[in-house]
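Colleague: I would like a close look at one part of this molecule, with each term explained as you reach it. Please choose a part that lets you connect several features into one picture.

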Amino acid sequence: MKQQRTEATARAQRGFTLIELMIAVAVVGILIGIAVPTYQDSVRKSRRAQAKADLTEVAQAMERYYTVNNSYAGASMATIWGNPAQSPRGSDSPRYNLSFQAAPGSNGFVVQAVPISGTGQERDKCGTMTLSNTGTKTPNTAGTKDCWNLN
């Protein structure tokens, strides 16, 4: 009886075998391989949502500018909210540069959000997003139709 107890105690004190350890490492590796890209995609999606909100805010500011001046011409990022390097919400680390594609004309404008290189946002599937005074939004190709959707 005592000998059986000693063998059971010795077996319990050995710890993990190499195979058990390798299986645990493989499972953790698989979970990380799935979780990290999913998390990064979620972060890019939330930053894209901020860029969409910023584009909409710029478009609204441009409409206010048009109401006062009866033209979009002469408007700049500086005249519609001050610091063009920051998002309208005052983000300390912007992920997109907001600018006009061309100087606003008397009857129209197109504002764009270009992902800043080195922020991770350049890997976003939507890339540069634009919004015009007529409400036209890009990108709007087959693979990127959900860039402007809420999902």
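Modeller: Two residues are in contact, or touch, when heavy atoms of theirs lie within 4.5 Å. What follows describes a predicted model, in which local features need pLDDT of at least 70 and side-chain atom pairs count only at pLDDT 80 or more, while totals for chains, interfaces and linings use all residues. Residues are numbered from 1 along each chain as its sequence is written, and side-chain values use heavy atoms, with hydrogens and water left out.

The part I have chosen is helix H2, residues 18-69. Helices (DSSP runs of H or I, at least four residues) and strands (runs of E, at least two) are numbered from the N terminus. The protein chain has 3 helices and 4 strands, and from the N terminus on they follow the order α-α-α-β-β-β-β. The expected span of a helix is 1.5 Å times one less than its number of residues; for the 52 residues of H2 this gives 76 Å, which agrees with the 75 Å between its end C-alpha atoms.

Which residues of H2 are buried? Buried means under 20% relative accessible area, exposed means over 50%, and partly exposed lies in between, using a 1.4 Å probe and protein chains only. In H2 the buried residues are Arg44, Arg48, Ala51, Lys52, Asp54, Leu55, Val58, Ala59, Ala61, Met62 and Tyr65. As background, an α-helix has 3.6 residues a turn, so residues three or four places apart point the same way. The buried residues of H2 pack against helix H3 (77-81) and against three strands, S1 (96-100), S2 (110-115) and S3 (129-132).

Leu55 shows this packing in detail: leaving aside residues up to four places away in sequence, Leu55 touches Leu98, Val111, Gln112, Ala113, Met129, Thr130, Leu131 and Trp148. A nonpolar core is a set of buried Ala, Val, Leu, Ile, Met, Phe, Trp, Tyr and Cys residues joined through side-chain atoms within 4.5 Å. The largest such core has 22 residues, and Leu55, Met62 and Val111 touch the most other members. At least two residues of this core come from each of H2, H3, S1, S2 and S3, and H2 gives the largest share, with 7 residues.

Just after H2, in the loop between H2 and H3, Asn70 has a positive phi of about 60° although Asn70 is not a glycine. With a relative accessible area of 59%, Asn70 is exposed.

Aromatic rings also belong to this picture. Rings of Phe, Tyr and Trp (its six-membered ring) pair if their centres lie within 6.5 Å, and planes under 30 degrees apart count as stacked, over 60 as edge-to-face and the rest as tilted. The whole structure holds 3 aromatic pairs. In one of them, the rings of Tyr66 and Tyr72 are 4.6 Å apart at their centres with planes at 35°, so the pair is tilted. Tyr72 also forms an edge-to-face pair with Phe109, at 5.0 Å centre to centre and 70° between the planes. This second pair links distant parts of the chain, since Tyr72 is in the loop between H2 and H3 while Phe109, 37 residues apart from it, is in the loop between S1 and S2. Tyr72 and Phe109 are both buried, whereas Tyr66, at 26% relative accessibility, counts as partly exposed. Together, ring pairs link Tyr66, Tyr72, Phe100 and Phe109 into a cluster.
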